[in-house]
Amino acid sequence: MSHDKITFNLDGEALEVVAGTTLLDACRSKGAQVPTLCHEDRLEPFGGCRMCLVELDGAPRPVPACKTNVASGMVVRSGSDSLERVRGTIAEMFMAEHRPATGGRPNAMDKVAKRFNLGAPPIQFPERAQYHDRNRFIGFDTDACILCNRCVRYCDEVMQVTALEHSGQGPNAIVQPTDGLSFLDTSCELCGGCISSCPTGALYEKQSQGVEESSCDTTRTVCTFCGVGCVIDLNTKDGKVVKVTAEQGVGPNDGHLCTKGRFAWQFIHHDDRLSEPLVRGEDGELHAATWEEAYARVAEGLTKVKQEHGADSIGFLASSRCTNEDVYVLQKLARSVIGTNNVHSCAAT
Amino acid sequence: MTNSIAEIEDADCLFVIGSNTTEAHPVLALRMKKAMRRGAKLIVADPRRTWLAQHADIHLQLKPGTDIPLVNAMAHVILDEGLQAQDYINNLTENYDAFAQAVAEWPPERAAEVCGVNADDIRDAARAYATTDRSGIYYTLGITEHVCGVDNVRTLSNLALATGHLGREAVGVNPLRGQNNVQGCNDMGNNPLYLPGYQLVGEDENRARFEQAWGTPLSAVPGLRLDQMMDRMHTGELRAFYVMGEDPLVSEPNLAHVEEGFEKVDFVVCQDIFLNETSRRYADVVLPATCFAEKDGTFTNSERRVQRVRKAVDAPGNARPDLEIIIEVAKRLGAEWAPAEPQVIWDEVADLMPKFYGIRYDRIEETGLQWPCPDRDHPGSKFLHEGAPIRGKGLFYGVDHVPPWEEPDEEYPFLLTTGRTLYHYNAATQTARSAGLVDKQGSNFIEIAPADARDLGVLDGAAVQVESRRGKVDALAVVTDRLSPGVMWMPMHFAAARANVLTGDGRDSEVGTPEYKVTAVRLATHGH
Amino acid sequence: MDIQRLEGLRGCGGAGFPVHIKWQAVANEATPEGGKVIVCNADEGEPGTLKDGWLLNEQPRRVLLGMQRAAAMVGAVRAYVYLRPEYTEQLRFLQVAINDLIEDGFLSPGSGAMWNGAGFPGRSVQRPGHPLPPQEMPNIAPAAATGLPLRLDIVLGGGAYICGEETALLESMEGRRPQPRHKPPYPTQSGLWGLPTLMNNVETFWWAERILSGEIETPGSHRLYSLSGDVERPGVYEAPVGITARDLIDHFGGGVVNREQISCWIPGGAASGVLPASCLDTPLSPEGLKEVGTSLGTAGVVVYAKPTQPVEVAAEIMKFFADESCSQCTPCRLGNRAFSDWISGVHEWPEPEVTERWLEAMELGSICGLGFTAPLVVRQMQRWFSEAVV
Ligand code: SF4
Ligand code: FES
């Protein structure tokens, strides 16, 4: 890729950018407020929603900033009255079919409506058929969908499994899992990336349907399901984890997650979690005990074995799922307190 | 990993061997997919036609356990056609001759026979890897979980050294870590031979540093590896076992042997978030710990990045953080340690480990840092071996084929290999508690090639019993052309049908990693 | 240069782009590894237009020869006829003509293969490469008589109106949902599989053949008019550009059925909108029709006798556009749908200010001609039949 600089004129000012920059990125770098809906930084430019139109001298009509690369010498206006009028009208068109979703995710249309001061649309199209699906992760509120195709493109470009499609045309056009099947019966890998890329909240996490995302607290931490170390935000409400999200541009994952990272958090609050120490009694069964009892029993057991058979008759197995601090103190316990180097972990890779 | 995850998308050639990346490391695989979309060449060596294999330019569908002949043959082609990086070899490596001799034995035709792949494909793969400037190697357990795991890795590093494909952005040798903190667990010295920070326990000056910091004398006697511990349980030499967050009864191979060992142990402590097989049956004390969402600390990911883990919710009932539990145990045993503050502990770690010295909590609030990071202004290391291999000269090894510990025979005619699926994680203690995942993939299955299924009269979806010399498990048959005849594949996740009932005692002779990847089995149908 | 002999001929698919400029543009492109491509757009879908189907029935050989000449002049090695799938009869004639041309040495052996283009419902995006990326095509042997390689195949269209839009057609050929591409780049620079592509309408190739073979001296003086609707003798007629609709109807069409009075008419296919009977003496030429706010389009003249109401005709057209929108861009997808509802009375018309803004947004904001010319139908109604579209 060439890193040649090219110059063009944006809103009356000369601007220098690297060849290959889109008009949208150039506008953003200058702080110009170009609205977007179908654009997503992780996806290839699409140019379908037409919210980002800008005026380009010599072009027969405005061009989508997201889909147009800067060329040397271009003269571009990013915010004339007529542009704002056209953008506002297109936003109004969206409102004629969009109905806010019930999933609890944020909705970009709120911001759009505010910016263009939209009232009731001049026409309201009928509701779409609802999509019922037995999968437990991904919910889809068809009436909120604006056909920006972000989910479809995510599935195609990023996951490359093509489990979603933009199907039909005209008034019958819809977004749906391939052939209208259940998410469980397509090539879908349940990563939920479509949810993360959906601007309207039409796609949402079923496990937390209705919980307003904006009302949740978030804690940034790291996923534990593999060695990639995706940075995640645990969304909590009333002291419970209710969903997992990931912010674009952050961590090794750049906002992407897999199905485990995004959805398999229920174990955290599962009934099977151990909540009391257990000590094996005379009867051979495990019984609840206090921490003091449990600690005493551990100390006693380890001391006895050490006294009778020596420190090297005790082994420690560390978990590669615990934190560095946890496993550091475990080996320190083995080495400095018990006096053995018998400490290892399960998988050597 | 020698490289960073983000660099993968800039690679122009990806050689993925023994890694079903899209299932085991799905998010990392997205970077590979991005590179592919950009036009990067993809070479996949895997006994299964995985997603990546399906989309690869070259798929080398080798027989399990024949990685060394394959990679040696690739090296053979590289030397034969003069594609090696002679300057790099001359200046920055040693022991080249042993390597050259070893690979001379493996012309592609010979390897093709052993591996069951096409010789020309080996040639093409070698050429693509050697002649593309930004070439990277990626591997996982498919390489290491063999009797010759270490040798497998060596052949790959030979390949990188011979082509000078090391020490640049998107160019290197990258093991992808299976569990979230395998890297950190090793870094922290949970190893019988190494003190934290890979400092050999046998060397006096290393011990001295820790003895001073910890205020106690330390044993110079190397400890036991996990597999050795299992053996010593048998012989009665290991009498107490402290298990943190693991379930050896499910995860260790040759289960019957492990069970017998546990029967003989005097005292077992298990510290975990769920009751598991081991604790249910053998623990004397079970200590309820907290999960990642309930504690502060750090994890180190595959790319050596130390990242912050933060507490979001309270632990259930009386469960306590592992850190606190261990410190309390130490106290009961007479040691007075710093309070259970993760940050205090981490500072102790960083002070003792030169490569981590510069990594401190205040620097990793926003973004983690990649070690080595020797001082507080160091930006961290995106990739390793820049300019030259870290040890000064890259060491070539002459490696020859080591056949698997067990090979199919008349009685057990099929070769079973195991792996991960996308929808579960290890023993599935966490994922099996997600109803949505169980919907998608709920029970054990075994993949069978269509030809084998036909010969055995097994239909897709039939209940079968898989038997090895050591045990049997139930599974549903999935007939698929992802596999070549003679090879079967089973996931490792399902507790009710533990694949490790079947696996054998084969282990890498140097590090003891079990050979999960090759087992001889036979199949019985359950009637219909 | 031979290409200059085409000066005066304009594309007959609706947009009326000067043919020689397009041919020259492709001739000027460097030849990439996969070669250049000729595509004949035979996806005749504009309501009121029948001439391409008629030509393929009557004179398929001349159309193909036009393509062959184009290939020779711009240096293309592959050619495709993208055929409207309903044209099954034409397909048979085409196949016969292709075989004849192979035999006569104008086309390379092996020509005449056939595959299907994508249509709706289809995946919006897919890995490209349908059915064979050009690099993998076998080497094309030279045709015996010309000495030039030219492989000419047939692609059966995806069966949607938008497939006739040149870039949607290319998408369909490549196996994707037929959604128009953003231009630039133009197909002449980067068309099928990214190769320089010369695409013309069936009629255009037919005229080009007649001009280049010397049969016709003044390019662009005549058109094939498709005459339909309430006339005695509907059909395809060759007539001078500039003839009036009245002459066309009376002399060629035998007058209006039952000598009824004309209620309204369409000059150049549905997209050219509805005109009142008072405009029947306008010359059917680009300039003449511009006067009355429209264009010659595909030269498909449709006549409506009383009591058909103009607003019924317009409503039908808008419904057609709304249904046929590929649904990629918002103004076309939702704008057409709204106007279809308004004009047909399903919903009440909004304030004129709103109507105007919505028309403007469609004109300025759509990706392709479907979206930005559809407002013309409404504007023509406002101009000529204002009482019907308040
Ligand atoms: S579901 Fe969301 S992402 Fe997909 S097209 Fe609709 S609005 Fe866009
Ligand atoms: S954001 Fe540019 S067209 Fe949608």
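**Stop 1: the second largest pocket, chain B**

Start by selecting helix α10(B), residues 149–163. This helix gives six residues to the lining of the second largest pocket, the largest share of any element. Keep in mind as you go that you are looking at a predicted model.

Now add the other elements that supply two or more lining residues: β6 (172–175), α11 (182–187) and β15 (394–395), again in chain B. The lining has 43 residues, and if you want to find the middle of the pocket, show Y139(B), V153(B), R177(B), Y194(B) and Y198(B), which lie nearest its centre. The space in there comes to about 2000 Å³. Try colouring the lining by residue type: you should get 21 nonpolar, 13 polar and nine charged residues.

**Stop 2: a barrel in chain B**

Stay in chain B and pick out strands β16, β20, β17, β19, β18 and β21; in that order, the six close into a barrel with mixed pairing. Neighbouring strands here are turned by 45° against each other on average, direction ignored.

Where do β16 and β21 meet? Select 414–419 for β16(B) and 519–525 for β21(B): the two run antiparallel and are joined by three bridges. For a closer look, show L415(B), whose bridge partner in β21(B) is A520(B).

**Stop 3: the second largest cavity**

Keep β16(B) selected, since this strand also gives three residues to the lining of the second largest cavity, the largest share. Helix α9(B), residues 141–144, is another element that supplies at least two. The cavity has a volume of about 340 Å³. Its lining is made of 26 residues, and the ones closest to the centre are G18(B), D46(B), G142(B), T418(B) and K517(B). By type, the lining splits into nine nonpolar, 11 polar and six charged residues.

Which two domains does this cavity lie between? Colour domain 1 (5–176) and domain 4 (414–525) of chain B: both give residues to the lining, so the cavity lies between them.

**Stop 4: the largest cavity**

Searching the whole structure turns up 12 cavities of 30 Å³ or more. The largest has a volume of about 690 Å³. Select R321(A), Q179(B), G245(B), E246(B) and N426(B), the closest to its centre out of 44 lining residues. Strand β16(B) shows up again here: along with α14 (248–251) and β10 (267–272) of chain B, it supplies at least two lining residues. This lining divides into 18 nonpolar, 16 polar and 10 charged residues.

**Stop 5: chain A and its domains**

Move over to chain A and colour its three domains: 5–79 for domain 1, 216–273 for domain 2 and 278–345 for domain 3. Draw a line between the C-alpha centres of domain 1 and domain 3 of chain A, and you will find them 63 Å apart.

Next, look at the open sheet in this chain, where three strands are ordered β10-β11-β12 and pair antiparallel. Which strands stand at the edges? Select 217–222 and 240–245 in chain A: β10 and β12 each have a single partner strand, so one side of each is left without a neighbour in the sheet. From one strand to the next, the twist averages 35°. β11(A), residues 231–237, pairs with β12(A) over five bridges, and you can zoom in on L234(A) to find its bridge partner V244(A) in β12(A).

**Stop 6: ligand 1**

Centre the view on ligand 1 and show the 13 residues around it; C145(A), C148(A), N149(A), C151(A) and C198(A) come nearest. The shell holds 10 nonpolar residues, two polar and one charged.

**Stop 7: some backbone details**

While you are in chain A, select N117(A), which sits in the loop between α3 (108–115) and β6 (138–140). Its phi is near 55°, a positive value in a residue other than glycine.

Finish in chain C, in the loop between α5 (166–173) and β5 (197–201), where you will find P184(C). P185(C) lies in the loop between α5 and β5 too. Check the peptide bond from K183(C) to P184(C): it is cis, with omega about -5°. Then step along to the bond joining P184(C) and P185(C), which is cis with omega about 0°.

Terms used
Residues are numbered from 1 along each chain as its sequence is written. Chains are lettered from A and ligands numbered from 1 in the order in which they are written. This is a predicted model: local features need pLDDT of at least 70, side-chain atom pairs count only at pLDDT 80 or more; totals for chains, interfaces and linings use all residues. Side-chain values use heavy atoms; hydrogens and water are left out. Two strands pair if DSSP finds at least two bridges between them. Helices (H or I, at least four residues) and strands (E, at least two) are DSSP runs, numbered from the N terminus. Axes are lines fitted to C-alpha atoms, for helices over the stretch in contact, and angles run from 0 to 180 degrees between N-to-C directions. Domain bounds come from an automatic or database domain assignment. A residue is near a molecule or strand if one of its heavy atoms lies within 4 Å of it. Ala, Val, Leu, Ile, Met, Phe, Trp, Tyr, Cys and Pro count as nonpolar, Asp, Glu, Lys and Arg as charged, and the others, Gly among them, as polar. On a 1 Å grid over the protein atoms alone, a cavity is a set of points where a 1.4 Å probe fits but cannot get out, and a pocket is an open set with protein on both sides within 12 Å along at least five of seven lines; lining residues have an atom within 4 Å of a point. Grid points are joined across faces, edges and corners, and a volume is the space filled by probe spheres set on the points.
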